[in-house]
Amino acid sequence: MVSSSPAEISRREQARRAAQFIALALLLLLGFAYLRRDTLGGRTWCVGPAVISVVNPFTRDPVVRARSERHEAAHALQARRDGCLALWRANWSTTRQLATEVEAKCAEIPVLYQMKGDSPAFARRRMARELRRYPRLRHLSTRELEMALERRCPAPPNS
Ligand SMILES: [Zn+2]
């Protein structure tokens, strides 16, 4: 059996702590990069078996915050329902990205009815314009995206 000297154990402990610190710093940097990249300021990650949704903490507009929370909750649901790999793969296919983002945008629409008083058509047009900001969906027309939203989103209350 090989025994380690206290100095060797201390060096190993220091190396382990440094590695933990670097890993944490990288995660924070990655998280910040994600926060800055999203249009509404939210992201959803899979960390091992856990699904974590984050809304940009600097968002002050209550409508944007509520929409972002609902959008990320929809992605978290997709990750739990379809698996994290499927959600990640959706970034690389126009069809899959359209399906996942339309579903998440549908989750936001009730906020526009309730907090902004938008009509269903106006809310869909707003969501379609936002969907065109995704590089993979940019080639689709606003009308095509509106129709995708119309097919996928539930009807508003009292319609
Ligand atoms: Zn999304």
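Two residues are in contact if their C-beta atoms, placed from the backbone, lie within 7 Å. The exercises below apply this term to a predicted model.

**Exercise 1. Describe the overall make-up of the protein and the share of its contacts that join residues at least 24 apart.**

Solution. Begin with the elements: the protein has six helices and two strands. Along the sequence they follow the pattern α-β-β-α-α-α-α-α. Next, consider the contacts between residues at least 6 apart in sequence: 50% of them join residues at least 24 apart. Finally, consider burial: of the 159 residues, 24% count as buried.

**Exercise 2. Determine which elements have the lowest and the highest mean pLDDT, and examine residues 33-37.**

Solution. The average for the protein is a pLDDT of 86, and 89% of the residues score at least 70. Among the elements, helix α1 (residues 6-37) has the lowest mean, 77, whereas α6 has the highest, 95. Over residues 33-37 the pLDDT is below 50. Beyond near neighbours in sequence, this stretch has five contacts in the model.

**Exercise 3. Describe how strands β1 and β2 are arranged.**

Solution. First, locate the strands: β1 covers residues 42-47 and β2 covers residues 50-55. They pair in the antiparallel sense over six bridges. Within this pairing, Trp45 stands opposite Ile52 in β2. Then consider the connection: the two strands form a hairpin with two residues between them. In the turn, Gly48 has a positive phi of about 60°.

**Exercise 4. Identify the elements that contribute to the largest nonpolar core, and the residues that touch the most other members.**

Solution. The core has 17 residues, of which Cys106, Ile109, Met127 and Leu149 touch the most other members. Two or more residues come from each of α4 (94-116), α5 (120-131) and α6 (142-152). The largest contribution, eight residues, is that of α4. For a closer view, take Leu149: leaving out residues up to four places away in sequence, this leucine touches Val102, Lys105, Cys106, Arg124, Met127 and Ala128. As a general background, nonpolar side chains in soluble globular proteins tend to be buried together.

**Exercise 5. Explain why the buried residues of α5 lie on the same side of the helix.**

Solution. Start with the helix itself: α5 has 12 residues and reaches 16 Å from its first C-alpha to its last, close to the 16 Å expected at 1.5 Å a residue. Its buried residues are Ala123, Arg124, Met127, Ala128 and Leu131. Because they cover an arc of only 135° around the axis, they lie on the same side of α5. An α-helix has 3.6 residues a turn, so residues three or four places apart point the same way. The buried residues of α5 pack against α4 and α6, while Ala121 and Arg129 are exposed on the other side.

**Exercise 6. Classify Leu131 and Glu103 as buried, partly exposed or exposed, and list their contacts beyond four places in sequence.**

Solution. A residue is buried if 20 or more other C-beta atoms lie within 10 Å of its own, and exposed if 12 or fewer do. Leu131, found in helix α5, has 25 such atoms and is therefore buried. Its contacts are Glu101, Lys105, Leu137 and Leu145. Glu103, found in helix α4, has 17 such atoms and is therefore partly exposed. The contacts of Glu103 are Ala74, Gln78 and Arg152. As a last step, take the distance from Glu103 to Gln78: they are 25 residues apart along the chain, and their C-alpha atoms are separated by 9.1 Å.

Technical notes:
Residues numbered from 1 in each chain as written. Predicted model: local features only at pLDDT ≥ 70, side-chain atom pairs only at ≥ 80, totals over all residues. Core = buried A, V, L, I, M, F, W, Y, C linked by C-beta atoms within 7 Å. Helix = DSSP H or I, 4+ residues; strand = E, 2+ residues; numbered from the N terminus. pLDDT = per-residue confidence, 0-100. Expected span 1.5 Å × (residues − 1). Arc of directions from axis to C-beta. Pairing = 2+ DSSP bridges.
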